[in-house]
Amino acid sequence: MPECTPIPADDFVFWVVTPTRRIALQVVCFLASISALYSLLAPTISGVPRFRPIWAIGVVCAAAVLFGGAIFLAKRPLGYGLALAGSLCILSLRVCEVLVRLGYFRVEYRLVALSQDIPRWRFEFDKPVFVLLQISTFASLVLSVFLLIAYARVKFHPKIPS
């Protein structure tokens, strides 16, 4: 499979899988996995109870594991698929949150009395980490889709030797 030069075939220049693009995918997946792990561990460390249902925690945990696997397997198409699956997990969670806000999906919440000494560091970190998770998830989705398309076009094109 060609690594560094675009190959014109059928009046189309392939978006080639280069080491730079793989490293970019690794960095983006690392940021996404760290952000997902923070959102999993922050309630435990800060002592503030979790406000998410258990299925949402499971989806974030699965996404963190998928992003972690994509970091180590970024040289293979399996790594691109893991990054895509992790991105789809986080995006599906966000779609469910939008459906809850619009009233199409119902989640039951319970009231919890909090103590007066709530650690303020968590609330200062939550929003930037949430934004970082969203940006890195979207970047991972775009990069993994482009890398999968490039791999498939180069791998299965009849004029290009595998």
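**Figure 1. Helix α3 and the glycine that comes after it.** In this predicted model, helix α3 is followed by G103, a residue with a positive phi near 95°. The helix itself has 26 residues. From its first C-alpha to its last it reaches 37 Å, close to the 38 Å expected at 1.5 Å a residue. Which residues of α3 are buried? They are G79, Y80, L82, A83, G86, S87, C89, I90, L93 and R94. Keep S87 and R94 in mind, as both names return in later views.

**Figure 2. A salt bridge within helix α3.** How many salt bridges does a search of the whole structure find? The search finds one. Its partners are E97 and R94, whose side chains meet at 2.9 Å, N to O. Why can these two side chains reach each other? E97 and R94 are three residues apart in helix α3 (residues 77-102), so they are separated by about one helical turn. An α-helix has 3.6 residues a turn, so residues three or four places apart point the same way. The two partners can be told apart by their surroundings: E97 is partly exposed, with a relative accessible area of 28%, while R94 is buried, at 11%.

**Figure 3. The surroundings of R94.** Now stay with R94, which is found in helix α3, and look at its other company. Is R94 buried or exposed? With a relative accessible area of 11%, R94 is buried, because buried means under 20%. Setting aside neighbours within four places in sequence, R94 is in contact with R52, F130, L133 and Q134.

**Figure 4. Helix α2 and two cysteines.** Helix α2 covers residues 54-72, which makes 19 residues. At 1.5 Å a residue it should span 27 Å, and its end C-alpha atoms are 28 Å apart, which agrees. The buried residues of α2 include A56, I57, V60, A63 and A64. Further along the helix, L66, F67, G68, G69, A70 and I71 are also buried. How many disulfides does a search of the whole structure find? The answer is zero. Two cysteines worth finding are C61 and C96: C61 counts as partly exposed at 37% relative accessibility, and C96 counts as partly exposed at 23%.

**Figure 5. S140, a buried serine in helix α4.** S140 lies in helix α4 (residues 120-155). What is its relative accessible area? The value is 0%, and S140 is buried. Leaving aside neighbours within four places in sequence, S140 is in contact with L25, V28, C29, F67, A83 and S87. Some of these partners have appeared before: F67 is a buried residue of α2, and A83 and S87 are buried residues of α3.

**Figure 6. Two places where helix α4 meets residues from elsewhere along the chain.** Begin with V142, whose place is in helix α4. V142 is partly exposed, with a relative accessible area of 31%. V142 and S87 are 55 residues apart in sequence, and their C-alpha atoms are 9.3 Å apart in space. Next, find P128, which also lies in helix α4. P128 counts as partly exposed at 47% relative accessibility. How far apart are the C-alpha atoms of P128 and S35? They are separated by 9.5 Å, although these residues are 93 apart along the chain.

**Figure 7. A nonpolar patch on the surface.** I23, V27, F30, L31, I34, L37, L41, I45 and L132 form this patch. Together they have about 790 Å² of accessible area. Which helix gives the most to the patch? Helix α1 (residues 19-46) does, with eight residues. One of the patch members, I45, is found in helix α1. I45 is exposed, with a relative accessible area of 63%, because exposed means over 50%.

**Figure 8. Stepping back to the whole chain.** Finally, put the close-ups into context. The protein chain has four helices and two strands. From the N terminus on, its elements run β-β-α-α-α-α. Of its 162 residues, 36% count as buried. The chain exposes about 10,200 Å², and carbon and sulfur atoms supply 69% of that area. Among contacts between residues at least 6 apart in sequence, 71% join residues at least 24 apart.

Notes:
Residues are numbered from 1 along each chain as its sequence is written. This is a predicted model: local features need pLDDT of at least 70, side-chain atom pairs count only at pLDDT 80 or more; totals for chains, interfaces and linings use all residues. Side-chain values use heavy atoms; hydrogens and water are left out. A salt bridge is a side-chain nitrogen of Lys or Arg within 4 Å of a carboxyl oxygen of Asp or Glu. Buried means under 20% relative accessible area, exposed over 50%, partly exposed in between (1.4 Å probe, protein chains only). A disulfide is a pair of cysteine sulfur atoms within 2.5 Å. The expected span of a helix is 1.5 Å times one less than its number of residues. Patches are made of residues with over 30% relative accessible area and no salt bridge: like charges are joined within 9 Å, nonpolar side chains (Val, Leu, Ile, Met, Phe, Trp, Tyr) within 5 Å. Accessible areas come from the Shrake-Rupley method with a 1.4 Å probe; for residues, only the protein chains shown count as cover. Contact means heavy atoms within 4.5 Å.
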